[in-house]
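Got a structure in front of you and wondering where the labels come from? Let's go through some of them one at a time.

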Amino acid sequence: MHFFFPQFIHVIRLLAAYRNLVPFATVLALIASTGCGSSNWSASQSNKSAPSVTEVATAMATTSTYSVPKVLLFVGTGTSSGDVAAVKAILNGLNLPFATATSSQMNSLTEKQLLAHKLLIVPGGNSITIGRYLTHTATANIHNAVINGGLRYLGICAGGFFGGYSIYNGLNLTSGVWFNFYADHFKGINTAAVEVAGSNGKLDQYWQEGPQLSGWGTVVARYPDGAPAVVEGHSGNGWVILSGIHAEAPQSWRYGMTFTTPVSVDNAYAATLVKAALSGTALPHY
C-alpha cells in the first residue's frame, strides 16, 4: 500500500487546490484523467487495414503458413482514436504488419496467444479507463507475457502510465515504480511543445498530460527540467520502452503551438522508438 500513499497525497492536494474553484464532481473528473488525449483527436487514417486478434486466431487455426503480425496494437476503451490513428500511420510507414485488439478481445487472449506477437503497443488516452475495462486476468497475462515470455512493450503517454505500477489495474512492468505527471501538468498546462533532449540533440515534441518517468529503467531522453521523458529497460525477459511524449503526433495536433522541429523529424523519432522496441535494441542513454 505504500505505493498508493503518494497518489493519495496528490489527490488531496488537488482537492484542496480546486475546492473553491470547481464542483467536487469536476475535481474527481480531473483526478480520473490520468493520461493523455481525447477520443476525438484528429489524425489522418491510412487506407491499409489491420486484422483483429480474433481474425489472427482464426487464420492461425486454419492456415499453417499464416504469418502472424509481429506488432499488436491495443485500440481498446480508454485509448485515443486519434493517437491510435497516428501510431497506425507510423507502423504503415515502416511497412510493419500489425494486428489490433479491443478491450474485450484483449480480455479473451491467453498468455500464449499474446506471445504469438513480438511487440505490444499501448498508445495515448486515459490509463485509468484502459485499466478499468480490462480484467485483472488480462493485465496479469500481459505482465506475465512480458516478464516470463519475453514479449516487448511500448507504452506511449497513457500507455506509459499503464505500463508502470498503478492501483488502477496497471501492468507493473516496473517492479513497483509508479509515475507522476510531468511538471507542466502542475502549472495548469495541458498541451505543449516541449523541448526533449537526447543523444541525438534536442527536439520539440508534442506533450499532452504525459508522465515523467523517474525511478525505472535507463533514460533515453529528458524534459527541460531534467526529468526522464523516454526510458527503456529489461522487464524480466521482456524489453520495455516508455514514452511520456507523442513523437508520432501529426501536423494537425500542432495548431496554436510553436515547434522548431519539423513534424517529419519527430515522426522519424517515433519510428525509431517502434523499431527499438520491436527488436529489443537499447537506444543510446542520455
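**How the labels are earned**

Just after helix α4, Asn 95 takes a positive phi of about 55°. Keep in mind that this is a predicted model.

Q: What makes β1, α4 and β2 a right-handed β-α-β unit?
A: Hold the strands so they point away from you: the path from the first strand over the helix to the second has to run clockwise. The unit made by β1, helix α4 (residues 81-93) and β2 is right-handed, so the path from β1 over α4 to β2 runs clockwise in that view.

Q: How do you know that β1 and β2 pair?
A: Pairing takes at least two bridges between the strands. Strand β1 (residues 71-74) and β2 have four, in the parallel sense, so they pass. As for who sits across from whom, Phe 74 has Ala 101 in β2 as its bridge partner.

Q: Why are both faces of strand β2 called covered?
A: Check each side of the strand, residues 98-101: Phe 98 and Thr 100 are buried on one, and Ala 99 and Ala 101 are buried on the other. Buried means under 20% relative accessible area, so these four residues fall below that cut-off.

Q: How do you know that the span of α4 agrees with what it should be?
A: The helix has 13 residues, and at 1.5 Å a residue it should span 18 Å. Its end C-alpha atoms are 18 Å apart, so the two agree.

Q: Which residues of α4 are buried, and what covers them?
A: The buried ones are Gly 82, Asp 83, Val 84, Ala 85, Ala 86, Val 87, Ile 90, Leu 91 and Asn 92. Their cover includes β1, β2, β3 (119-122), β4 (152-156) and α10.

Q: What makes Lys 187 and Asp 184 a salt bridge?
A: The cut-off is 4 Å from a side-chain nitrogen of Lys or Arg to a carboxyl oxygen of Asp or Glu. Here the closest N and O atoms are 3.8 Å apart, so the pair counts. A search of the whole structure finds three salt bridges, and this pair is one of them.

Q: Why is Lys 187 called exposed and Asp 184 buried?
A: Exposed means over 50%, and Lys 187 has a relative accessible area of 62%, so the word fits. Asp 184 has 10%, which is under 20%, so Asp 184 is buried.

Q: How do you know that Lys 202 and Glu 195 meet in a salt bridge?
A: Their N to O distance is 3.9 Å, and the limit is 4 Å, so they qualify. Lys 202 counts as exposed at 55% relative accessibility, whereas Glu 195, at 36%, is partly exposed.

Q: What does the salt bridge between Asp 266 and Arg 254 tie together?
A: The N to O distance in this pair is 2.7 Å. Asp 266 lies in helix α10 (residues 263-279) and Arg 254 in the loop between β11 (238-243) and α10, so the pair ties together parts twelve residues apart in sequence. Both residues are buried.

Q: Why is Asn 169 called buried and Ser 175 exposed?
A: Asn 169 has a relative accessible area of 10%, under the 20% cut-off, so Asn 169 is buried. Ser 175 reaches 70%, over 50%, so Ser 175 counts as exposed. Asn 169 lies in the loop between α9 and β5, and so does Ser 175. Neither is a glycine, yet phi is positive at Asn 169, about 65°, and at Ser 175, about 55°.

Key
Residues numbered from 1 in each chain as written. Predicted model: local features only at pLDDT ≥ 70, side-chain atom pairs only at ≥ 80, totals over all residues. Heavy atoms only, no water. Buried < 20%, exposed > 50% of the residue type's maximum accessible area, 1.4 Å probe, protein only. Helix = DSSP H or I, 4+ residues; strand = E, 2+ residues; numbered from the N terminus. Expected span 1.5 Å × (residues − 1). Contact = heavy atoms within 4.5 Å.
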